[in-house]
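Here are a few short exercises to work through with the model open beside you. Try each task before reading its solution.

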Amino acid sequence: MNKPFDIELGQLTGQTSSLGNALTALAGQHATFFLETFGCQMNDHDSEKVAGVLLSRGYRQVETPEAASLILYNTCSIREKAAQKVFSRLGEYREKQSEGKVIGVLGCVAQQEGEEIFKRAPWVSLVCGSASYSKLPEMLTRLEAGNHRVTGLDTDTDETFETEVTRRDNPWRAYLTIIEGCDKACSYCVVPYTRGPERSRASDSILREVQQVAELGYSEVQLLGQTVNSYADPTPRRMRFSELLLAVADVPGIRRVRFTTSHPSDFTRDIVDAIEAEPKLCDHVHLPVQSGSSKVLQAMQRTYSREEYLEKIAMIRAANRPIAITTDIIVGFPGETEGDFEETLSLLDEVGYDSLFSFKYSPRPNTPSLAMKDTIPEEEKSRRLGVLQEKQREIQTARNAVLVGETFEVLVSGKSRRENQWFGYSTSHRVINFASQAKELLGTYVQIRVTGSGPNNLVGEHAV
Ligand code: 5AD
Ligand code: SF4
């Protein structure tokens, strides 16, 4: 079903500006770009790669749209609010084009709205979805030539987006995409439409990049994918996801390996076995459940029931070391009764999540659930969200309280404004704040004994 890459470059008008633009004048020499990112970790990491492409081309990154010749906006359309933000932000950029600046929309809204964006915001010159990023250099050439309508909207491709240079934002943790797109068909979700079908990256390419980041001094890597554990190595090696995890952990210099997001249906015992066998694999699994009601899960087309999900949880809980479990929940899905919602609340008690992200259902274009009536009033969705969050707060308060007295290895990731106060992450991804007189700790691993706790963090001191 994959057809050859077929992006439409400069399709709508194909015009080249007679006046030219900032890129035409400056391409590859002093051109500057401003890149703003909304949305998930995949988007953040895509932006790191897009920045790498631009830097290799001679562009310089700047902090404000005012200072940039190219303004790029990497967008999110997972919920309506996120998508609306794009057009209000584009409105702010309206004046910029007249100053000769080139404006581009990347990511999920670009894919979803396509050439509509040129109609609604004619000052935009580039509309490019994530499945077309590997063609960015060609698109930039067209923009630099003064083209005002450049699009990359194909999702029917087996390409993955790999770059020679990635400009990483996080100095301690290197993100790596191992699988793009999604082949699941959750009835509420735009991702299969905006990011296209699942494409796994070759295992040797992944391992090469892990080696590169380790040589650069990164000791923690996080493997990314919408359904990261559906990874299917396209090379003859046919590495399973769990084998890949172990191979990544084996790369000299790597001390911590994380991965997100896992789909419950593809979460198999060998992944837990790998975590048990290899302490470098972090003791944290993000396993979105979405709802505690089997009826709602079926309407969501999640491919598992409450009971099947709980079997996966039991498998993780039976591991020989504690593994933190976090999740995503949607409240107010069409047809969710008070009883269904109660089942979600009871699931929280039964699982004992260490943290969760919760959302009010938001109807999205193209999705099957759009046809189901979104009958639950906004106030009721807000009420359910509040009740859920309060319950989870109590659970987290209790779960964190029992950790007082324990010692965790922390990767120090930041310094707070207060003097001698630092914070970092345990392998279970808990935030731990601690005091230290040390001059510089950023990026180092320290042993911290927990002395206090709250719902969202732990407080500790250097263990002696
Ligand atoms: N409405 C609300 N939340 C959604 N999510 C995905 N699509 C929607 C939607 N239409 C949530 C899911 C997913 C997380 C990334 O965003 O919980 O796991
Ligand atoms: Fe969306 Fe479901 Fe795919 Fe996750 S698994 S990206 S929720 S379709």
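**Exercise 1.** Find the polar contacts of ligand 1, taking a polar contact as a pair of N or O atoms within 3.5 Å.

*Solution.* Start at R79, where an N or O atom of the side chain is 3.0 Å from an oxygen atom of ligand 1. Next, go to Q290: a polar atom of its side chain lies 2.7 Å from an oxygen atom of the ligand. Then turn to S362, which uses a backbone N or O atom, 2.7 Å from a nitrogen atom of ligand 1. Finally, look at the cover: ligand 1 on its own has 400 Å² of accessible area (Shrake-Rupley method, 1.4 Å probe), and the protein covers 86% of it.

Before you go on, a word on the source: this is a predicted model, in which local features need pLDDT of at least 70 and side-chain atom pairs count only at pLDDT 80 or more, while totals for chains, interfaces and linings use all residues. Residues are numbered from 1 along each chain as its sequence is written, chains are lettered from A and ligands numbered from 1 in the order written, and side-chain values use heavy atoms, without hydrogens and water.

**Exercise 2.** Which strands each supply at least two residues of the shell around ligand 1?

*Solution.* List the shell, meaning residues with a heavy atom within 4 Å; among them are I78, Y188, D328, F359 and R364. Sort the shell by class: five residues are nonpolar, two polar and four charged. Now match the shell to the strands (DSSP runs of E, at least two residues): the answer is strand 13 (324–331) and strand 14 (355–360).

**Exercise 3.** Describe how domain 1 (9–152) meets domain 3 (310–401).

*Solution.* Begin with the bounds, which come from an automatic or database domain assignment. With contact meaning heavy atoms within 4.5 Å, six residues come from domain 1 and five residues from domain 3. The two domains bury about 480 Å² between them, 46% of it on carbon and sulfur atoms; this is the accessible area lost on being put together, summed over both. On the domain 1 side, R79, E80 and Q112 lose the most area, together 80% of what that side buries.

**Exercise 4.** What is the sign of phi at Q290?

*Solution.* Locate Q290 in the loop between strand 12 (284–286) and helix 12 (294–299). Its phi is near 75 degrees, a positive value. Most residues other than glycine have a negative phi.

Terms used. A polar contact is a pair of N or O atoms within 3.5 Å; within protein, one must be able to donate a hydrogen and the other to accept it, and residues adjacent in sequence count only if both atoms are side-chain atoms. Helices (H or I, at least four residues) and strands (E, at least two) are DSSP runs, numbered from the N terminus. Ala, Val, Leu, Ile, Met, Phe, Trp, Tyr, Cys and Pro count as nonpolar, Asp, Glu, Lys and Arg as charged, and the others, Gly among them, as polar. Buried area is the accessible area (1.4 Å probe) that two parts lose on being put together, summed over both.
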